[in-house]
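Thanks for coming. I will walk through one model this morning and keep to what can be read from the coordinates.

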Amino acid sequence: MMILVGGEKGGSGKSCLAQNLAVYFASNKKAIVLMVDCDPQRTTSDWIQIRNGDPSLPSINCIQLYGKIRNDLLSLVQHYDYVIVDCGGQDNLALRAAMSVADHVIIPLRPKRRDLKTVPHMEDMLSTCKMVNPKMMASFVITQCPSLPNQAKRILEAKEVCSSYGINVLDAVTYNRNVYDDSEEQGSSVIEIDPTGKAALEMIAIAEELLAMEPDNLHEFN
Ligand SMILES: Nc1ncnc2c1ncn2[C@@H]1O[C@H](COP(=O)(O)OP(=O)(O)OP(=O)(O)O)[C@@H](O)[C@H]1O
Ligand SMILES: [Mg+2]
């Protein structure tokens, strides 16, 4: 299965989500996982390097690919249970190429206007890629949500913006928690730092919601 964590907005939590999903599948599901880092800033490659230098953490494979990566991804996916692609807006070609072959495209967005402004363009890109990859399941996930109860409306409004463009939005969200940043710095994941903590439960909920999705349940693009 190929999961693309993508989107154009910087800092929305793509690398963080890709890394935590990779750990969840590798550790909790005992799957063979490959991470593909398409970001020239090498955020995920750096994280993997720290991780694979720590013998207490199970190692995860990672490669860097840029540009026209469709055929590379198609051949890699045959050798792994999960290929998780971390792809930002800097490499637009790689983002489109990965969208044209991924089983799941998951796009993190913060409940902020600047992130939500990217929704129409992402919908446009998704519907183009859906023509060559009709089995693709695309979802937004709202990340770094404020936890104050009086801010809950923002989360609902963000979900409504996504739904209004006819794209699935996950029920599961992530809240703004320091443990995401702290785990990243150590080459670790929130699931390893505190397996029953709130952040771990958020990541598990996202992963399980993805796995439960069926192509038929989703909105048809036309
Ligand atoms: N739910 C969260 N709560 C708090 N901090 C978070 C959360 N998710 C991600 N972060 C932090 O936000 C920062 C940006 O996240 P990340 O690097 O994953 O974003 P990105 O979308 O990959 O950015 P880029 O576009 O630069 O690749 C990181 O320091 C990360 O640890
Ligand atoms: Mg990133």
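I will start with the ligand, then go through some helices, and end with two loop residues.

One caution before that: this is a predicted model.

Ligand 1 first. The space that ligand 1 takes is the largest pocket. Two elements give two or more residues to the shell around the ligand, namely helix H1, residues 14-28, and helix H8, residues 178-185. The shell holds 17 residues in total, and the closest are Gly11, Lys14, Ser15, Cys16 and Tyr175.

Now the polar contacts of ligand 1. An oxygen atom of ligand 1 lies 3.0 Å from a polar backbone atom of Gly13. A nitrogen atom of the ligand is 3.4 Å from an N or O atom in the Asn176 side chain. With Arg177 the partner is a polar backbone atom, and a nitrogen atom of ligand 1 sits 3.0 Å from that atom. How much of ligand 1 does the protein bury? Taken alone, the ligand exposes 630 Å², and the protein buries 82% of that.

Next, helix H1, with three residues to look at. Leu17 is in helix H1. Is Leu17 buried or exposed? Its relative accessible area is 2%, which is under the 20% cut-off, so Leu17 counts as buried. Leaving out residues up to four places away in sequence, Leu17 touches Val5, Ile106, Pro108, Val141, Met203 and Ile206. Take Ile206 from that list: Leu17 and Ile206 are 189 residues apart along the chain, and their C-alpha atoms are separated by 9.2 Å.

Gln19 is also found in helix H1. Gln19 has a polar side chain by name, but let me just give the value: 2% relative accessibility, and therefore buried. What does Gln19 contact, beyond its neighbours within four places in sequence? The partners are Met35, Thr43, Thr44, Trp47 and Glu184.

The third residue in helix H1 is Ser27. Ser27 has a relative accessible area of 19%, and because the cut-off for buried is under 20%, Ser27 is still classed as buried. With neighbours within four places in sequence set aside, Ser27 is in contact with Pro58 and Glu192.

On to helix H4, residues 92-99. Which residues of helix H4 are buried? They are Ala94, Leu95, Ala97, Ala98 and Met99. These buried residues pack against three strands and two helices: strand S1 (2-6), strand S4 (82-87), strand S5 (104-109), helix H3 (70-76) and helix H6 (119-132).

Helix H6 gives us a residue to follow up, since Met125 is placed there. Met125 is buried, at a relative accessible area of 1%. Its contacts, apart from neighbours within four places in sequence, are Glu8, Asn92, Leu95, Arg96 and Met99. Leu95 and Met99 also appear among the buried residues of helix H4. For a distance, Met125 and Pro108 are 17 residues apart along the chain, and 15 Å separates their C-alpha atoms.

Back to helix H8, which holds Glu185. Why is Glu185 called exposed? Because its relative accessible area is 62%, and exposed means over 50%. Glu185 and Lys117 are 68 residues apart in sequence and 30 Å apart in space, C-alpha to C-alpha.

Last, the two loop residues, picked for their backbone angles. Lys30 has a phi near 50 degrees, a positive value in a residue other than glycine. Where is Lys30? In the loop between helix H1 and strand S2, residues 33-37. Lys30 is exposed, with 67% relative accessible area.

Gln144 also has a positive phi, near 55 degrees, and is likewise a residue other than glycine. Gln144 lies in the loop between strand S6 (137-142) and helix H7 (152-164). At 29% relative accessibility, Gln144 falls between the 20% and 50% cut-offs, so Gln144 counts as partly exposed.

To recap: ligand 1 takes the space of the largest pocket, and helices H1 and H8 each give two or more residues to its shell. The buried residues of helix H4 pack against helix H6, among other elements. That is what I have.

Methods
Residues are numbered from 1 along each chain as its sequence is written. Chains are lettered from A and ligands numbered from 1 in the order in which they are written. This is a predicted model: local features need pLDDT of at least 70, side-chain atom pairs count only at pLDDT 80 or more; totals for chains, interfaces and linings use all residues. Side-chain values use heavy atoms; hydrogens and water are left out. Buried means under 20% relative accessible area, exposed over 50%, partly exposed in between (1.4 Å probe, protein chains only). Helices (H or I, at least four residues) and strands (E, at least two) are DSSP runs, numbered from the N terminus. Contact means heavy atoms within 4.5 Å. A residue is near a molecule or strand if one of its heavy atoms lies within 4 Å of it. A polar contact is a pair of N or O atoms within 3.5 Å; within protein, one must be able to donate a hydrogen and the other to accept it, and residues adjacent in sequence count only if both atoms are side-chain atoms. Accessible areas come from the Shrake-Rupley method with a 1.4 Å probe; for residues, only the protein chains shown count as cover. On a 1 Å grid over the protein atoms alone, a cavity is a set of points where a 1.4 Å probe fits but cannot get out, and a pocket is an open set with protein on both sides within 12 Å along at least five of seven lines; lining residues have an atom within 4 Å of a point. A molecule sits in a cavity or pocket if more than half of its atoms lie within 2 Å of its grid points.
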